[in-house]
Amino acid sequence: MSCVVTKSQQETVELGARLGRLLQPGDFVALVGDLGAGKTQFAKGIALGLEVDPETPVTSPTYTILNIYDGRIPLYHFDLYRLEGAHDVEALGFEEYFSGDGACVVEWAERLEEDLPADLLTVTLHHAGVDERSVCFDASGPRARLLAEAVLA
């Protein structure tokens, strides 16, 4: 696992944009961290990196569970905070997006339990100060390792 510290909300967004520029169809990014740790800001950056129109508001889909954004490739932005576990995701039929024609960014991805894909990039965000965030990248699988290496290069 490799970590960096961002010193502002804008740096967190920029780090997400760096990752977004690298994402390809089928990529899966699991966002993990406490409430207010910066997961949605990081997701906003990913959307910018995927060339989603900067005028499009990127918000956490806490109540809708899934927001779809059009960019260079589709961005499937999930927020699983309100779900009980992987069985809820199965019941809603979201797994078809997990290896589809876009990239998946999933806040509270740990709620998927054993249904997480084998090749995924887990990004964990923690408070490291008032405006600072510790952003850690943990790759499982060859594609995720390439993404982690490239975003941290």
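At what angle do the axes of H1 and H2 cross, and within what distance do they come? In this predicted model, the two axes cross at roughly 45° and come within 6 Å. The points below cover helix H1, its packing against H2 and H4, and the loop residue Val52.

**Helix H1**
- Helix H1 runs over residues 9-20, and its 12 residues should span 16 Å at 1.5 Å a residue. The C-alpha atoms at its ends are 16 Å apart, so the expected span and the model agree.
- Buried positions in H1 are Thr12, Val13, Leu15, Gly16, Ala17, Leu19 and Gly20.
- The cover over these buried residues includes the strands S1 (2-6), S2 (28-33), S6 (120-127) and S7 (133-140). Helices H2 (39-49) and H4 (142-152) are also among the elements that cover them.
- An α-helix has 3.6 residues a turn, so residues three or four places apart point the same way.

**H1 against H2**
- The crossing angle of roughly 45° between H1 and H2 makes H1 oblique to H2, because angles from 35 to 65 degrees fall outside the parallel and perpendicular classes.
- H1 and H2 cross in a right-handed sense.
- On the H1 side, the contact involves Gln9, Thr12, Val13, Leu15, Gly16, Ala17, Leu19 and Gly20. On the H2 side, the residues met are Gln41, Phe42, Gly45, Ile46, Leu48 and Gly49.
- By residue class, this contact of H1 with H2 has 7 nonpolar, 7 polar and no charged residues.

**H1 against H4**
- The axes of H1 and H4 lie 9 Å apart, and the helices pack at an angle of about 130°.
- That angle makes H1 oblique to H4.
- H1 passes H4 in a crossing that is right-handed.
- H1 contributes Leu15, Arg18 and Leu19 to the contact, and H4 contributes Leu147, Val151 and Leu152.
- The residues of this contact of H1 with H4 comprise 5 nonpolar, no polar and 1 charged.

**Val52**
- Val52 sits in the loop that connects H2 with strand S3 (66-69).
- Is Val52 buried or exposed? Its relative accessibility is 4%, so Val52 counts as buried, the cut-off being under 20%.
- Leaving aside residues up to four places away in sequence, Val52 touches Ala47, Tyr69, Asp70 and Gly71.
- Val52 and Gly71 are separated by 19 residues in sequence, with their C-alpha atoms 4.2 Å apart in space.

Methods:
Residues numbered from 1 in each chain as written. Predicted model: local features only at pLDDT ≥ 70, side-chain atom pairs only at ≥ 80, totals over all residues. Heavy atoms only, no water. Helix = DSSP H or I, 4+ residues; strand = E, 2+ residues; numbered from the N terminus. Expected span 1.5 Å × (residues − 1). Buried < 20%, exposed > 50% of the residue type's maximum accessible area, 1.4 Å probe, protein only. Contact = heavy atoms within 4.5 Å. Axes fitted to C-alpha atoms, helices over the stretch in contact; angles between N-to-C directions. Parallel < 35°, antiparallel > 145°, perpendicular 65-115°, else oblique. Left-handed = near helix turned anticlockwise from the far one by under 90°. Nonpolar A, V, L, I, M, F, W, Y, C, P; charged D, E, K, R; others polar.
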